[in-house]
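User: Could you walk me through this protein? I have not looked at it before, so please go slowly.

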Amino acid sequence: MKNTIIKGLFVIASCILLIAIGVIIGINIRTISRDPAFVSITDKTWTLGEGEEKARIEENYWNFIRASYILIGTPPDCEYYKIVSEVKRHDYDVENFYIDDNSDKMYYHNAEGERVSTLAIDVSAFQPEIDWTAVKAAGVDVAMIRVGYRGYGSGKIVEDDMFRTHIQGALDAGLRVGVYFFSQALNYDEGVSEANFVLETIREFDVTCPVVIDTEFMDASDARTNELDIDSRTDSIVGFCETVEAAGYTAMIYSNRNWFVQSVDMSRLGDYKLWLAHYTNQPDFPYEYIGWQYTDQGTLDGVDGSVDLNVWFK
């Protein structure tokens, strides 16, 4: 009987001991799970040496970045701007922008090498003498003509001195025409007033190409819009475009690449066509653009001096 009691006590003690050990182990495991030890990676980093692998990895990285961001500056010392979803992206293969063997002008080509764009010029009083018949013969199909501007200091709206001469000459030569207005609007209402001026001025002409607001930096210390905040500038563009569209024309926005990216709210402008100024061999801009002004130093039969040249899609 005594031996049985001792054996029973021994079994109970053993069970208690095992339970205690299990509890201690469990506490230690939970402690380790909650508070992992810090591991320094100083001696565990991997540095790629020069070579094909490094170049491929870097290329893939920057391709990934450019799929989501517009870069201003030269990588890696550049600024990143998120591409907005509200504006349609283009599907152009920029390798297909080139000057082919049969021309000294830039065109966009399909996979078979056929031109699928046309040539456009934009002109103003800075090109006072134009032989429009010669311009047409040189292969120009579209003329974008400055209808006027708002004074950067006075704020006064002025018709371009050569507008009527240029637009009538272009139409008589058989070109399709559109117009643009150099804006210095400070708000929505001023954008509307600029559009109303344009609509009244072009009323008697057959304008079949877009009606454009030109928004850009003015290189003058007293320019009224250079320090304008992004929201107000975008308001003025929307005011212009909404008024133009309500009148039955196609509204378009002209600017250079960096101004589009840094100085307007693109997320509010997805309903309107874009005309891109970017002086390079191949444009680097994700959004769909109908016109690409690729140089301001072009030469063309019928125009004295330099002229802006554009790849034009519609």
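Analyst: What follows goes from the whole chain to its pockets, its cavity and a few single residues. This is a predicted model, in which local features need pLDDT of at least 70 and side-chain atom pairs count only at pLDDT 80 or more, while totals for chains, interfaces and linings use all residues. Residues are numbered from 1 along each chain as its sequence is written, and side-chain values use heavy atoms, with hydrogens and water left out.

User: How many helices and strands are there in the protein chain?

Analyst: The protein chain has 7 helices and 13 strands, where helices (H or I, at least four residues) and strands (E, at least two) are DSSP runs numbered from the N terminus.

User: And what share of the residues is buried?

Analyst: Buried residues make up 43% of the 314 residues in the protein chain; buried means under 20% relative accessible area, exposed over 50%, and partly exposed in between, with a 1.4 Å probe and protein chains only. The chain exposes about 17600 Å², and carbon and sulfur atoms supply 52% of that area, as given by the Shrake-Rupley method with a 1.4 Å probe, where for residues only the protein chains shown count as cover.

User: What about contacts between residues far apart in sequence?

Analyst: Among contacts (heavy atoms within 4.5 Å) between residues at least 6 apart in sequence, 59% join residues at least 24 apart.

User: Now the pockets. What is the volume of the largest pocket?

Analyst: Its volume is about 420 Å³. On a 1 Å grid over the protein atoms alone, a pocket is an open set of points with protein on both sides within 12 Å along at least five of seven lines, a cavity is a set where a 1.4 Å probe fits but cannot get out, and lining residues have an atom within 4 Å of a point. Grid points are joined across faces, edges and corners, and a volume is the space filled by probe spheres set on the points.

User: Which residues lie nearest its centre?

Analyst: The largest pocket is lined by 21 residues, and D122, Y180, D214, E216 and D308 lie nearest its centre. The elements giving two or more residues to this lining are β5 (118-123), β8 (176-182), β12 (291-300) and β13 (303-312), with the largest share, 3 residues, coming from β13. By class the lining has 10 nonpolar, 4 polar and 7 charged residues, counting Ala, Val, Leu, Ile, Met, Phe, Trp, Tyr, Cys and Pro as nonpolar, Asp, Glu, Lys and Arg as charged, and the others, Gly among them, as polar.

User: And the second largest pocket, what lines it?

Analyst: That pocket holds about 250 Å³ of space and is lined by 15 residues, of which R66, P283, D284, F285 and P286 lie nearest its centre. Strand β1 (residues 69-74) gives the largest share of the lining, 3 residues.

User: How many cavities of 30 Å³ or more are there?

Analyst: The count comes to 1 cavity of 30 Å³ or more, and the largest cavity has about 80 Å³ of space. Its lining includes S183, E216, T225 and R233, and helix α6 (residues 230-246) supplies the largest share, 3 residues. The lining divides into 4 nonpolar, 5 polar and 2 charged residues.

User: Switching topic, how many disulfides does the structure hold?

Analyst: It holds 0 disulfides, a disulfide being a pair of cysteine sulfur atoms within 2.5 Å. As for single cysteines, C209 is buried at a relative accessible area of 4%, and C241 is buried at 0%.

User: Last one: is A137 buried or exposed?

Analyst: A137 is exposed, because its relative accessible area is 69%, and its place is in helix α3 (residues 132-137). A137 and D301 are 164 residues apart in sequence and 8.3 Å apart in space, C-alpha to C-alpha.
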